[in-house]
Amino acid sequence: MPVEICPFKDTFGAEVQGLDLSRDISDADFKIWSDAFETHAVLVFHDQRFTIDQHIAFSRRFGDLEDFPDPKDQVNGIPCVIRVSNIDKYTGDIKPVEDIGHKSFTLGTSAWHTDSTFRRVPSKASLLYAVEVPPVGGDTLFANMAMAYEALSEDKKAQIEKLIAVHDFEVTRRRHSLPPRPKAVQEAVPPVRQPLVRPLEDGRKALVIGSHVDHIEGMDAEESQELLDWLTDWATQPRFVYRHEWEVGDLVMWDNRCTMHRAGSYDLAHHRRLLHRTTVAGDGPLI
Ligand code: OGA
Ligand code: MN
């Protein structure tokens, strides 16, 4: 079956048909896949069954993978495959909703964000695979930050062009009055500066905002938050958003250079949800 890229009709993004991710992918098919990734920013594959090793192998074709240091977040003790889940890895039961680490992760992912903007080198792509999904809710929403930037007024573009934001993984905890992580853990990922607007390889530009942003440099806290809220509201208008309703066996790949995403709500306390994610590292720091 030939590989076919089927762009969504009403939003950005596309479905990839005719690729079985459990098989070796030829260079020609990989080229179709990577070209579609560059063009559509979010790609959806349905009905996939593959092993963890295969998940790692096809992700690596896009570049080096990021590692996650905490064993309880890892799939099978493999640092580059993270569990996105409300299920405790060790007991197999649904986690208590008040568990601090879980709460921080849930609050963090349910707010608009881009993966790894708190790293000095922000990531290029994430590949998320649905193992268990709740019967209702638990969608993932994606916002296209290149489309959102492009649609800004020239005045707004000029206003934000040179601004720098400080991103920090601890922000979610601070914002929700959760206790901070130990100092040594925090120091492993210190706050980083990122431009508010990044150039893309094809000459377009994209906004770099989201829940890992602490503040914009050179502004007082209120002014900074006001601008960030305005930009977030702007960028997440329905015309820039694709909403993915998960089925078991879906793999969704997204471009972290030009999208934000967030988890939609579901019944965390009663419905099981387990996804596996690999994250492709970016090519270098933005500044
Ligand atoms: C992620 C993430 C959202 C979701 O895996 O990076 O933000 O819907 N997930 O689980
Ligand atoms: Mn995420």
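Which elements cover the buried residues of α2? I will start there. A reminder before I do: what you see is a predicted model.

Helix α2 runs over residues 52-60. Its buried residues are I52, H55, I56, F58 and S59. The cover over these residues includes one helix, α1, at 27-40. It also includes the strands β4 (74-75), β5 (78-85), β6, β14 (251-255) and β16 (274-280).

Just ahead of that helix there is a loop, between β3 (42-45) and α2, and D47 lies in it. D47 has a positive phi of about 55°, and it is not a glycine. That deserves a remark because most residues other than glycine have a negative phi. D47 is exposed, as its relative accessible area is 67%.

There is another residue of this kind, S116. Its phi is positive too, about 65°, and S116 is not a glycine either. S116 sits in the loop between α3 (100-110) and β6. Is S116 buried or exposed? With a relative accessible area of 3%, S116 is buried.

Let me stay in that loop. D115 is also placed between α3 and β6, and D115 is buried at a relative accessible area of 4%. Leaving out residues up to four places away in sequence, D115 touches S123, S126, W254, N256, H261 and R277. As for distance, the C-alpha atoms of D115 and F45 are separated by 20 Å, and the two residues are 70 apart along the chain.

One of the contacts of D115 is N256, so let me turn to that residue, which counts as buried at 5% relative accessibility. N256 has its place in the loop between β14 and β15 (259-263). Which residues does N256 touch, not counting those up to four places away in sequence? They are T114, D115, S123, K124, A125, S126, H261 and T279. N256 and T117 are 139 residues apart along the chain, yet their C-alpha atoms are separated by 8.8 Å.

Next, the charged side chains. In general, side chains of opposite charge can pair when their charged atoms come close. How many salt bridges does the count come to? It comes to 22. I will go through a few of them.

Take R243 and D139. Their side chains meet in a salt bridge, at 2.7 Å from N to O. R243 lies in strand β13 (residues 241-244) and D139 in the loop between β6 (125-132) and β7 (140-144), so this pair ties together parts that are 104 residues apart in sequence. R243 counts as partly exposed, at 43% relative accessibility, while D139 counts as buried, at 12%.

A second pair is E154 and K157, whose side chains meet in a salt bridge at 3.4 Å, N to O. Both lie in helix α5, residues 154-160, three residues apart, which is about one turn of the helix. The two ends of this pair have different surroundings: E154 is exposed, with a relative accessible area of 59%, whereas K157 counts as buried, at 9% relative accessibility.

A third pair is R181 with E170, where the closest N and O atoms are 2.4 Å apart. This pair links distant parts of the chain, eleven residues apart: R181 is in the loop between α6 and α7 (183-188), and E170 is in the loop between β8 (164-167) and α6. Both R181 and E170 are buried.

Salt bridges can also be joined up here. E38, E201, D255 and R257 are linked in a network of them.

Helix α6 has come up twice, so a word on it. The helix covers residues 171-175, and T172 is found in it. T172 is buried, with a relative accessible area of 7%. Not counting residues up to four places away in sequence, T172 touches S104, L107, G108 and S211.

Last, the surface. Which residues form a negative surface patch? They are D220, E222, E223, E226, D229 and D233. D220 is found in the loop between β12 (213-216) and α8 (221-235). At 48% relative accessibility, D220 counts as partly exposed.

To close, back to where the talk began: the cover of the buried residues of α2 includes β14, and the loop that follows, between β14 and β15, is the place of N256.

Note on methods: Residues numbered from 1 in each chain as written. Chains lettered and ligands numbered in written order. Predicted model: local features only at pLDDT ≥ 70, side-chain atom pairs only at ≥ 80, totals over all residues. Heavy atoms only, no water. Helix = DSSP H or I, 4+ residues; strand = E, 2+ residues; numbered from the N terminus. Buried < 20%, exposed > 50% of the residue type's maximum accessible area, 1.4 Å probe, protein only. Contact = heavy atoms within 4.5 Å. Patch = residues over 30% accessible without salt bridge, like charges linked within 9 Å, V, L, I, M, F, W, Y side chains within 5 Å. Areas by Shrake-Rupley, 256 points an atom, 1.4 Å probe, with all protein chains shown as cover. Salt bridge = Lys/Arg side-chain N within 4 Å of Asp/Glu carboxyl O. Lys, Arg positive; Asp, Glu negative; His and termini not counted. Charge placed at Lys NZ, Arg CZ, Asp CG, Glu CD.
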